[in-house]
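Visitor: Please show me the structure, and let me ask how its descriptions are justified.

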Amino acid sequence: MNKKISFAGPSITAKEVSYVMDAVNHGWYENYDQYIKRLEKACADYVGVKYAVATHCCTLALHLAAQALGLKPGDEVIVTDFSWVATAYAIAYTGATCVFVDIDPDTWTIDPHCIRQAITTKTKAIMLVHTFGHPAEMDEILKIAAEYGLFVIEDAAPAIGATYKGKPVGSFGDVACFSFQGAKMTVSGEGGMLLTNNEEIYQKASLLASMGRTDRKAVFWSDLLGYQYTINNVTAALALAQLERVDELLAKKRQLFTYYDQRLKDVAGIKIIKEKPGCQSNYCYPSLLLDSRITANRDDILAGLKQLNIHARPGFPRMSCFPVFEQRFENPVAKNVEQRGISLPSAANLDEADIEFVCQSLLSLIHKNTGG
Ligand SMILES: Cc1ncc(COP(=O)(O)O)c(C=O)c1O
């Protein structure tokens with residue numbers, strides 16, 4: 001069997017090893033939270049916001065965001081229908097209702113036009129995702145939010161380093177969250193970060209993340225129903241080392257995307273998802289859509305790739321179809337991406353020859369499964 005062409009995976013260097021070893025050897029006693037504090041500051045500075053709360057993972061950061069905004073049963077939150085389910089479950093944990101809307105066919109991020117159509121008197125917030133590292137249409141989203149007095153939550157889980165009109169994603173909404181999970185741009189196994197410029201949201205999220213503990217009336221006193229959502233110092237050390245290498249990691253992903261783009265951009269029937277003018281994607285997961293000119297079944301292509309040890313992914317199923325949710329809109333663009341979308345391998349250990357092999361294999365499977 002040839003080399004495993006992984007969908008995603010990190011680049012680990014001596015820097016990561018030395019930070020982790022330092023945290024293991026010395027990150028106790030007076031240094032018990034040193035890397036956590038450094039990570040929070042580095043992340044806030046990088047994105048250009050005032051406050052940061054590091055968490056065990058991004059799902060929990062998103063839940064803290066939803067709680068800190070006071071979302072509750074009876075409230076509605078407009079959510080993109082195309083995402084990993086953590087985006088929506090974070091809202092659902094509060095009891096608020098997710099109203100799923102369609103996506104822009106060019107970036108697979110939430111379509112502002114569909115947001116407008118979904119607003120009711122119960123709408124309290126918009127939860128957008130910078131999907132696969134492509135910035136959502138922030139100008140329009142912020143305009144709608146201001147017009148209707150809605151909160152904006154940015155699920156920026158995979159999008160560190162992406163910019164919209166020169167400004168980092170994660171700095172636009174009332175609150176934003178990033179992930180350090182193993183398939184992301186900067187990786188610590190598990191790990192998340194909540195960012196905000198709003199001191200009240202920050203204070204509330206910090207308190208909720210540490211069991212509501214205030215010590216106000218006694219040591220161990222808790223003032224509200226909180227959670228144990230904090231990150232640990234060793235994980236934070238790994239995340240910090242990765243964040244300090246983010247420019248190098250971004251350049252690598254962009255290079256891999258460029259190889260795909262060069263090889264596939266002129267193939268009839270393949271639409272490559274690219275950054276829009278004025279936006280910089282971080283190309284965390286290079287993706288494409290098979291249009292109707294390609295009759296091959298998408299899942300047969302993915303299965304064929306897997307047999308060659310190439311690990312690509314299908315588009316997300318629409319969350320509005322999951323048993324725990326109600327579907328209000330059918331969302332045809334998301335439905336099409338669900339059925340015809342492919343995200344290609346872009347692990348940090350891949351090189352140009354690997355991408356060439358993926359593209360050749362993909363094209364020959366398309367040809368074979370089309371019966372041509
Ligand atoms: C868009 C999106 N939101 C949230 C998450 C959850 O992140 P984590 O695994 O750190 O909880 C992910 C992870 O894949 C994601 O892709």
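Guide: A polar side-chain atom of S179 lies 2.7 Å from an oxygen atom of the ligand. This is a predicted model, in which local features need pLDDT of at least 70, side-chain atom pairs count only at pLDDT 80 or more, and totals for chains, interfaces and linings use all residues. Residues are numbered from 1 along each chain as its sequence is written, and side-chain values use heavy atoms, with hydrogens and water left out.

Visitor: What makes the pair formed by S179 and the ligand a polar contact?

Guide: A polar contact is a pair of N or O atoms within 3.5 Å; within protein, one must be able to donate a hydrogen and the other to accept it, and residues adjacent in sequence count only if both atoms are side-chain atoms. The S179 pair is 2.7 Å apart, so it meets the distance limit. For T59, the distance from a polar side-chain atom to a ligand oxygen is 2.5 Å. In the side chain of D155, an N or O atom lies 2.6 Å from a ligand nitrogen.

Visitor: Which residues are closest to the ligand?

Guide: The ligand is surrounded by 15 residues, and the closest are C58, T59, D155, S179 and K184. A residue is near a molecule if one of its heavy atoms lies within 4 Å of it.

Visitor: Why are β12 and β14 called paired strands?

Guide: Two strands pair if DSSP finds at least two bridges between them. Strands β12 and β14 have 3 bridges in the antiparallel sense, so they are paired. Strands are DSSP runs (E, at least two residues), numbered from the N terminus. L289 has G341 in β14 as its bridge partner.

Note on methods:
Helices (H or I, at least four residues) and strands (E, at least two) are DSSP runs, numbered from the N terminus.
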